[in-house]
Structures are given as structure tokens and as C-alpha cells.
Amino acid sequence: PFFGLSRVVPFSNEDELRKLLDTTAMAGLPYIFLDNQVGHVSSKLLDAYLTTPMWSGRVMGGNKPFEAPANAMLFITGNGITTSDDIGRRSLICNLHMKEADARERKIGRVITPQFLARPEVRKDILSAMWAMLRGWKEANAPKNPTMVPTFEEWSQLIGGIVSWNGFGDCLERPKDDDGPAPQEVNKRHLVE
């Protein structure tokens, strides 16, 4: 809602991903959108980017080093994707289930497209609602979320607190086995139990 139409950035391998992360950090871009991923998503580069406050590398076309804040929010979408344990632990997962076997059979009453969401009047309404949620949470003395994600404590308190205080549940609660992105994590938990 804040940035308007999203920019999707394709990449084909770890070298391209490194260039994308370097460019994102150096330009101070607010988000990275990896759309329509397939299969298993696993990357040491993404693991590092998601946990470090500062990203470093070298400027393309030379040996000059750079260091920049790693502030971009990462969005990954895909059908039936799974993730590595590390990416799954560092992510909020949203599964959208469809009851029809064939997507073409769906009857959609209110079509919401990127162009609809980018319309100024729609963005204004969404941003107003988000501001009201934030203001209400702050006026209630910024209650903390019941669940904390280790190594993301400040983020857990802020985002988790706002979401849970506004009645949307605990967004940081561990996903149910069938909703989780990392099947190996589920198997590991079952083994320990």
C-alpha cells in the first residue's frame, strides 16, 4: 500500500541473487519481491541478508568495497514451495488455500488487482487503517506479542505486538505442521517428541 505497484525482480542463480542484494542495500530499496518461486527455496545469501543489520560487498565493476544497511523487507511467493529451516524460521508464512481443484473454476466476487490496490483512494484507505492500528497500539502502551522469534526480538515486539493487539492473532506463532514451509523442520520436531 505504501509503495504502489510492486517491482518483481527475477534472478536465476546465486551470482544474480548476490548482485540483487548488493544493489538493494546500496540503493536503500525498501523491499525485494521474488515472485513465483518453485520447489525448495534455500540460500545462504538470503539467510545472511535476513539476519545482518549491515550488508557488505564490493561495487560492481571494481574492487571498491561498500557497506550499507540491510533494511529491505523480503517477499517470496510461489505455489507449493518449501523453504530451508533457516528461511522458514526467519519468515512469516501466509498460505492461501483454494477449495477448487482448478483455479479457473473459482468465482471471485470482488476482484482485487495490483492496479486496484495502487489507486490513490484505495491506498489512502489502507494506509489510514494501518495508521489507526499503529496509533491504537501505541496509545495502549505498546503491548508486546506473546511469542518472540529468537534473534528478532525487537521486530517481534513491534510487528507482533501491533498485529496481536489489533485482534489478528499471534502472527509469530509456529505454523501448524501442515501449514509450515519446511517439512524437514516438522519431521525433526516429530522425532524429538
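How many Å apart are the mean positions of the positive and negative charges of the protein? Keep that in mind as we work through this predicted model.

**Exercise 1. Locate the charge centres.**
Find the number of charges of each sign, and the separation of their mean positions.

*Solution.* Start by counting: the protein carries 23 positive and 24 negative charges. Next, take the mean position of each set; the two means lie 6 Å apart.

**Exercise 2. Analyse the pair Glu16 and Lys19.**
Decide whether these side chains form a salt bridge, then describe their place in the fold and their exposure.

*Solution.* Step one is the distance: N to O is 3.7 Å, and the cut-off is 4 Å, so the pair qualifies as a salt bridge. Step two is the position: both residues belong to helix α1, which covers residues 14-27. They are three residues apart, and therefore separated by about one helical turn. Step three is accessibility: Glu16 has 34% and is partly exposed, while Lys19, with 39%, is partly exposed as well.

**Exercise 3. Turn to Arg18 and Asp22.**
Are Arg18 and Asp22 buried or partly exposed? Work out the geometry of the pair first.

*Solution.* The closest N and O atoms of Arg18 and Asp22 are 3.0 Å apart, and the two residues form a salt bridge. Both sit in helix α1, four residues apart, about one turn of the helix. Now compare accessibility with the 20% limit for buried residues. Arg18 has a relative accessible area of 26%, so Arg18 is partly exposed. Asp22 has 6%, so Asp22 counts as buried.

**Exercise 4. Examine Arg119 and Glu121.**
Give the N to O distance of this pair and the exposure of each partner.

*Solution.* The side chains meet in a salt bridge at 3.1 Å, N to O. Arg119 is partly exposed at 38%, and Glu121 is partly exposed at 42%. To place these pairs in context, the salt bridges come to five in total.

**Exercise 5. Describe the whole fold.**
Summarise the secondary structure, the burial and the contacts of the protein.

*Solution.* First, count the elements: there are seven helices and six strands. Along the sequence they follow α-β-β-α-β-β-β-β-α-α-α-α-α. Second, check the extent: the C-alpha atoms fill a box of roughly 50 × 45 × 45 Å along the principal axes. Third, look at burial: 23% of the 193 residues are buried. The exposed surface is about 13500 Å², with carbon and sulfur atoms supplying 57% of it. Finally, consider contacts between residues at least 6 apart in sequence: 67% of these join residues at least 24 apart.

Methods. Residues are numbered from 1 along each chain as its sequence is written. This is a predicted model: local features need pLDDT of at least 70, side-chain atom pairs count only at pLDDT 80 or more; totals for chains, interfaces and linings use all residues. Side-chain values use heavy atoms; hydrogens and water are left out. Helices (H or I, at least four residues) and strands (E, at least two) are DSSP runs, numbered from the N terminus. Buried means under 20% relative accessible area, exposed over 50%, partly exposed in between (1.4 Å probe, protein chains only). Contact means heavy atoms within 4.5 Å. Accessible areas come from the Shrake-Rupley method with a 1.4 Å probe; for residues, only the protein chains shown count as cover. Lys and Arg count as positive and Asp and Glu as negative; His and the chain ends are not counted. The place of a charge is taken as NZ of Lys, CZ of Arg, CG of Asp or CD of Glu.
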